[in-house]
Amino acid sequence: MQLLSSGFVILWVICFALYYLVPEKWQWMVLAVASCLFYVIGTGGFPAGLLLTGAGAYACGIYLKRSLLSQGQALASCADKEKKKTVKQGFERRRKRVQILYFVFSLGILLFTKYITVMPLGVSFYTLTAIGYVVDVGREQCEAQDNFLKFLLYLAYFPAITQGPFHRYGKLQGEFERPHVFDYERMLFGVQRFVWGAFKKLVIADRINLFVGNVFGGGGDAVPGSIYAVAVVLYMLQLYADFSGYMDMALGVSETFDIILPENFKRPYFSRSVAEFWRRWHVTLGMWFKDYVMFSFVMSSPGRKIGKNAKKRWPKLGKYATGIIGTMLVWLMTGAWHGRTVSYLLWGVYYGVIMCVSLVLEQQYVRWRERLHIKEGKFYALFCMARTWVIVFLADVLIRSESLSQAGEIYRSLLMDFRLREGIFGVTSYGLSKYGFLLLFAACLLWFAVSVLEEQGKDVRRVLAARPMLVRWGCYYGVVLLLIITGIYGGSYDTAAFLYQSF
Amino acid sequence: MEEKVLEILEEYCEEALDYTGENMMEEGVIDSFTVINIVSELEDVFDIEVDAKYVVAENFRNKEAIIDLVKRLLDE
């Protein structure tokens, strides 16, 4: 079941009505049943992968909870400091073994289903979420859940299960547990966000796809570099509109239930560096890798050993060793998580190397800037943004190309076969007419204006709500009408297929 | 102890000294690379071991939180 389908809207409406009709202590059950229906209808079969991953994480959580309790009791009965340390280490070792066993088990299911059989709905998302839960319980950052159904709801909460955002048990469980009272304004805001997400998906992302799909899948004709340049820039926008559109829909649906999910996008194309870009793009995945992979590695015994040895060997640069290895590890895993081709691994290596080089040379950059008398003003900020765009542009060629050889061909065309004139006159012959481009431009302009307001810290929905009724409803109807009239529906293109779903 | 922590912060992330907010990591004042360097330096200077469970945004939300973390680890 897709978020952009009549089936989903019916499920949402029924769930919404029941949610506020039942006693508050049963509200979570309504969401659990809706999530179950969403998943079972969506996959059309028995959710074996989800249940196995969930049951494993649940059992692991219970074990960790009991082990922590026993550890507390054992430590309370110990007077000697050294003995306490030994007892604690013993418990920690056993917990670590159980956690590692679970990681192997759940990642095994993920790899088996993702690379060998047909990928189940949301497998990447619920696997990482379950692993995060097990780590958090082990780190005593949250208490394990005793109720299996409540735990399954956390894992399979229907607005988030297909593409995220990745939530943390400690925060989301609190949202499920507290009572929720119907609020008209909140409902309206949630629906508005859902519609805005649908607008980004149907009017912008799917329109761009008409052009990008034709350029990249066009067959043997030699496409000028200038057309590839337009296609890659548009693909950058498509990916953003598609994924952030989905997030708006998911967060909007959740908002109507008064369940606040974490933001996943913070206007990444305003970033002045690649590091900042990745702090704003798919925020929750970045946080997941940082917390559970990078810091876990750096603070582990092998990580510490590498760090100490490197410091001894290279007093000046050695301090960067663990950070560099951790960063590369994260980016290789991010690449592998996104796709199963060599292109994605190269994409990961590309970002990893850029991150490491820029972090190691950070102080050097400051010195160069001072020597060149470059002042941090508006122009410098624009230059930095443009530089970020170029770096992302080059990376996106890799992941959008149908093959590595096509990526190579595109880089070659961009450098040696640009044919600007041919590009200008031929741009409308790749599936998107002149009016299509004009409409796309207008929609992007509206999106840009909203983004600028958000960048200034304003909530556009609240800004609109404070306007006179005529203006307010004029805007609401305007967006809905644009969505209905200019959205890309049906035909050969599957409007409901979100790009990130395949990750 | 506090002075030493501030010295380390000054060396690795001067901005952290002037920061008055509540989430340095999320606001990009301090990146994960810098966190790793600071943790490594804290471990060397104070002869403590900072487990991964302590390396969370909450404990690095501002300079006071870092000082609190070191105090807690020294007391352990």
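Two residues are taken to be in contact if their C-beta atoms, placed from the backbone, lie within 7 Å. This is a predicted model, in which local features need pLDDT of at least 70 and side-chain atom pairs count only at pLDDT 80 or more, whereas totals for chains, interfaces and linings use all residues. Residues are numbered from 1 along each chain as its sequence is written, and chains are lettered from A and ligands numbered from 1 in the order in which they are written.

**View 1. Domain 1 of chain A against domain 2 of chain A.** Chain A is divided into domain 1 (6–182), domain 2 (183–265 + 434–503) and domain 3 (274–400), with bounds that come from an automatic or database domain assignment. Where domain 1 of chain A meets domain 2 of chain A, 17 residues of the former are in contact with 18 residues of the latter. On the domain 1 side, α1 (6–21) and α7 (169–177) of chain A each supply at least two residues, and the largest share, 3 residues, comes from α1(A); helices (H or I, at least four residues) and strands (E, at least two) are DSSP runs, numbered from the N terminus. That side of domain 1 of chain A divides into 10 nonpolar, 6 polar and 1 charged residues, where Ala, Val, Leu, Ile, Met, Phe, Trp, Tyr, Cys and Pro count as nonpolar, Asp, Glu, Lys and Arg as charged, and the others, Gly among them, as polar. The C-alpha centres of the two domains lie 31 Å apart.

**View 2. The contact between chain A and chain B.** This contact takes 19 residues from chain A and 13 residues from chain B. The elements of chain A that give two or more residues to the side touching chain B are α10 (274–280), α11 (283–298) and α13 (321–338), and the largest share, 6 residues, comes from α11(A). By class, this side of chain A has 6 nonpolar, 6 polar and 7 charged residues.

**View 3. Chain B on its own.** Chain B has 4 helices and 0 strands, and read along the sequence it follows the pattern α-α-α-α. The radius of gyration of chain B, taken over C-alpha atoms, is 11 Å, close to the 11 Å that the globule rule (2.2 Å times the number of residues to the power 0.38) gives for 76 residues, so chain B is as compact as a globular protein of that length. Its C-alpha atoms fill a box of roughly 30 × 25 × 20 Å, taken along the principal axes. Among contacts in chain B between residues at least 6 apart in sequence, 58% join residues at least 24 apart.
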